[in-house]
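Here is a guided walk through one protein model, taken a region at a time. Please keep the viewer open beside the text and follow along.

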Amino acid sequence: MSNTATVNNPLFARLWTYLSSHETEWLHDRRRENLAGLSGRVLEVGAGTGTNFAFYPDTVREVVAVEPEPRLREAAIQAAADTPVPVTVVAGTIETVETGDPFDAVVCSLVLCSVHDPEAVLRQLRERLRPGGELRYFEHVASAGARGGLQRVVDATFWPRLFGNCHTHRDTEQAIVAAGFTPQDSRRGRQFPAWAPVPVSEFVLGRALRPAA
């Protein structure tokens with residue numbers, strides 16, 4: 001694989017390594033739900049420290065996990081050494097890395113908030129899927145009302161700089177449809193109580209297909 005690109009972000013890498021090592025059972029359950037029923041060959045985008053790897057079902061034949069940040073990638077490589085399915089961690093971004101034959105599924109977990117052009121990335125992911133292949137996504141998304149206002153404020157100030165370009169006020173499902181995917185099912189929920197002023201409380205978890213024709 002060639003034409004790799006990296007993202008050097010040591011502050012975020014340290015922060016995310018700490019956070020991912022202290023994930024709650026609630027987050028683990030969402031990761032399991034996002035990966036449930038997958039099979040065949042899977043592309044995971046923005047693998048981080050490899051938190052998803054332990055939750056892939058044994059029906060998955062192979063996972064190719066792309067991670068551009070070198071410190072996170074090193075942690076992911078270590079996580080891949082002790083997983084229930086074969087995982088290959090590669091350097092790069094989805095725009096630059098070569099991934100070979102089409103995949104049966106693509107997995108995005110808390111990553112579409114951090115790319116510069118979500119729709120363009122999603123179009124790239126669509127092209128990496130076989131016809132009829134599926135996109136699995138677990139993402140925090142734009143909220144309405146006061147929380148939505150909070151999201152706009154933090155997105156315009158400190159949040160992207162602290163959290164690896166994360167933008168909390170994005171309509172991810174609209175971007176998925178605009179990129180040519182066909183939604184199948186999704187659900188929304190909250191990680192924190194409605195009163196808690198946390199910009200990344202609301203999430204969407206769902207599945208969409210690349211049309212077969």
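P86 sits in the loop between α3 (70-80) and β3. In this predicted model, is P86 buried, partly exposed or exposed? With a relative accessible area of 49%, P86 is partly exposed, because the exposed class begins over 50%. Setting aside neighbours within four places in sequence, P86 touches R61, E62 and V63. Another residue to compare in the viewer is Y56, which is 30 residues away from P86 in sequence and 9.9 Å away in space, C-alpha to C-alpha.

A54 makes a useful second stop. The loop that holds A54 runs between β1 and β2. Its relative accessibility of 53% is over the 50% cut-off, so A54 counts as exposed. If you draw a C-alpha to C-alpha line from A54 to I77, it spans 13 Å, for two residues that are 23 apart in sequence.

A third loop residue, A196, lies between β6 and β7. Here the relative accessible area is 8%, so A196 is buried, the limit for that class being under 20%. The C-alpha atoms of A196 and A75 are 31 Å apart, with their positions 121 residues apart along the chain.

Now for the sheet that several of these loops connect to. In what order do the strands of the open sheet stand? There are 7 strands, in the order β3-β2-β1-β4-β5-β7-β6, and their pairing is mixed. The two edges belong to β3 (87-91) and β6 (182-190); each has a single partner strand, so one side of each has no neighbour in the sheet. From one strand to the next, the twist averages 15°. As background, strands of a sheet pair through backbone hydrogen bonds, either parallel or antiparallel.

Strand β1 is a good place to look at the pairing in detail. β1 and β2 run parallel and are joined by 6 bridges, and within that pairing E44 has A65 in β2 as its bridge partner. β1 also pairs in the parallel sense with β4 (residues 103-109), over 4 bridges. On that side, V42 stands opposite A105 in β4. How much of β1 is covered? The strand is mostly covered, with 6 of its 6 residues buried.

Next, turn the view to helix α2. This helix lies across β4, β5, β6 and β7, and runs at about 165° to β5. One residue of α2 to pick out is R30. R30 is charged by class, and its relative accessible area is 13%, so R30 is buried. Leaving out neighbours within four places in sequence, the contacts of R30 are F138, R187, F203 and L205.

Two backbone details deserve a look before the last stop. Most residues other than glycine have a negative phi. L110, in the loop between β4 and α4 (118-128), instead has a positive phi, near 55°. N165 likewise has a positive phi, of about 75°, although it is not a glycine. You will find N165 in the loop between α6 (159-162) and α7 (172-178).

L110 leads us to the largest pocket, whose volume is about 1,100 Å³. Which residues are closest to the centre of this pocket? Of the 50 residues in the lining, the closest are F12, W16, L110, S114 and F163. The elements that contribute two or more residues to the lining are α1 (10-20), α2 (25-35), β1 (40-45), β2 (60-67), β5 (129-140) and β7 (202-209). By class, the lining divides into 25 nonpolar, 17 polar and 8 charged residues.

With these pieces in view, you can go back over the model and join them up. The helix that carries R30 also contributes to the lining of the largest pocket, and β1, with 6 of its 6 residues buried, is another of the contributing elements. L110 combines a positive phi with a place among the residues closest to the pocket centre.

Conventions:
Residues are numbered from 1 along each chain as its sequence is written. This is a predicted model: local features need pLDDT of at least 70, side-chain atom pairs count only at pLDDT 80 or more; totals for chains, interfaces and linings use all residues. Side-chain values use heavy atoms; hydrogens and water are left out. On a 1 Å grid over the protein atoms alone, a cavity is a set of points where a 1.4 Å probe fits but cannot get out, and a pocket is an open set with protein on both sides within 12 Å along at least five of seven lines; lining residues have an atom within 4 Å of a point. Grid points are joined across faces, edges and corners, and a volume is the space filled by probe spheres set on the points. Two strands pair if DSSP finds at least two bridges between them. Axes are lines fitted to C-alpha atoms, for helices over the stretch in contact, and angles run from 0 to 180 degrees between N-to-C directions. Contact means heavy atoms within 4.5 Å. Buried means under 20% relative accessible area, exposed over 50%, partly exposed in between (1.4 Å probe, protein chains only).
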